[in-house]
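Student: I have this model open at my bench and would love a close look at its salt bridges. Could you take me through that part, and then show me what surrounds it?

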Amino acid sequence: MPQPKQKQIQKSNQNYLTMKQTIFSLFSAIVLLTSCKKETEKINDYTVNTTESKVEWKGYLADGYFNRGTFSIASAEIKTRNNKVEGGRFTIPILSLDVLNLTGEPKAGLEAHLKSPDFFNILVHPNAYFDISQIVPYHKQNEAGVIQGANFQVTGGFKMLGVTKTISFPARITFTGNKLQVEATFKINRVDWGMTYAADPAAGAHHIKPVVDLHLKLSADKK
């Protein structure tokens with residue numbers, strides 16, 4: 001017949017085994033859940049479709065007259081997880097600047113001026129960049145100046161003329177098959193990046209308003 005001390009030892013051993021089994025079961029459950037989560041997560045990279053992507057721009061004179069044109073998007077790396085954009089960067093080559101509302105010598109003259117040190121200074125700063133830092137859901141509807149169907153607020157650093165400023169804008173982001181599409185309309189003040197040519201209203205008839213309208217159309221394909 002077991003002595004009291006032996007009973008205590010047996011009970012202690014049983015408690016130890018029970019605790020060990022419990023810990024093992026919990027550990028197994030955690031590993032299983034983690035494994036399932038990793039299996040269900042879909043992490044993908046997308047690259048820009050250069051033929052379908054561009055940035056449209058519109059700049060205004062003091063009297064309301066405006067010029068309009070486009071920039072191409074040369075490259076983009078966009079990272080997604082479970083069909084949600086997590087980050088990325090795209091490059092805008094300033095050399096791709098194209099004026100659409102003029103032809104002939106007026107078109108060539110304006111394009112040359114915009115690429116000069118008065119504006120983009122492409123010999124020193126040939127590219128502009130946008131780096132995505134945050135994307136959160138956007139729930140407002142029918143807000144003035146916002147692209148229809150906007151579902152995310154995009155925030156990031158926009159680098160131009162060697163200066164990086166944080167900008168934020170609502171965008172419509174959609175996934176269809178292997179394609180990711182981003183569209184947004186927003187404004188920037190070029191003076192914030194040091195582009196001050198004719199930005200002062202004192203320039204009179206030569207005054208070019210500092211606020212520029214932008215329309216981003218980005219299409220990217222899954223790698």
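Tutor: Happy to; here is a walk through the salt bridges, followed by the core, a helix and two loop residues.

First, a word on the ground rules. This is a predicted model, in which local features need pLDDT of at least 70 and side-chain atom pairs count only at pLDDT 80 or more, while totals for chains, interfaces and linings use all residues. Residues are numbered from 1 along each chain as its sequence is written, and side-chain values use heavy atoms, with hydrogens and water left out.

Side chains of opposite charge can pair when their charged atoms come close. Here a salt bridge is a side-chain nitrogen of Lys or Arg within 4 Å of a carboxyl oxygen of Asp or Glu. By that rule, a search of the whole structure finds 12 salt bridges.

One of them joins the side chains of Lys223 and Glu77, at 3.1 Å from N to O. Lys223 sits in the segment after S11 and Glu77 in strand S4 (residues 75-81), so this pair ties together parts that are 146 residues apart in sequence. Strands are DSSP runs of E with at least two residues, helices are runs of H or I with at least four, and both are numbered from the N terminus. For accessibility, buried means under 20% relative accessible area, exposed means over 50%, and partly exposed is in between (1.4 Å probe, protein chains only). Lys223 counts as exposed at 63%, whereas Glu77 is partly exposed at 37%.

Another salt bridge links Arg81 and Glu86, whose closest N and O atoms are 2.9 Å apart. Arg81 is partly exposed at 28% relative accessibility, and Glu86 is partly exposed too, at 46%.

Arg172 and Glu183 also meet through their side chains, at 2.6 Å from N to O. Since Arg172 lies in strand S9 (residues 163-176) and Glu183 in strand S10 (residues 179-189), the pair ties together parts that are 11 residues apart in sequence. Arg172 is partly exposed, at 25% relative accessibility. Finally, Glu52, Lys179 and Asp221 are linked in a network of salt bridges.

Now for the nonpolar side. A nonpolar core is a set of buried Ala, Val, Leu, Ile, Met, Phe, Trp, Tyr and Cys residues joined through side-chain atoms within 4.5 Å. The largest one has 47 residues, and those with the most contacts inside it include Phe120, Phe158 and Leu218. Strand S11 (residues 208-222) gives the most to this core, with six residues. Contact means heavy atoms within 4.5 Å; leaving aside residues up to four places away in sequence, Phe158 touches several residues, among them Ile92, Tyr129, Ile188 and Trp193.

Helix H2 (residues 104-115) has Leu110, Glu111, Leu114 and Lys115 buried. Seen down the axis of H2, these buried residues fall within an arc of 130 degrees, so they line one face of the helix; the arc is that of the directions from the helix axis to the C-beta atoms. Their cover includes strands S2 (54-61), S3 (66-72) and S6 (98-99).

Last, the two loop residues. Most residues other than glycine have a negative phi. Asn121, in the loop between H2 and strand S7 (127-137), has a positive phi of about 50 degrees. Leu161, in the loop between strand S8 (152-160) and S9, has a positive phi of about 55 degrees and is buried, with a relative accessible area of 16%.
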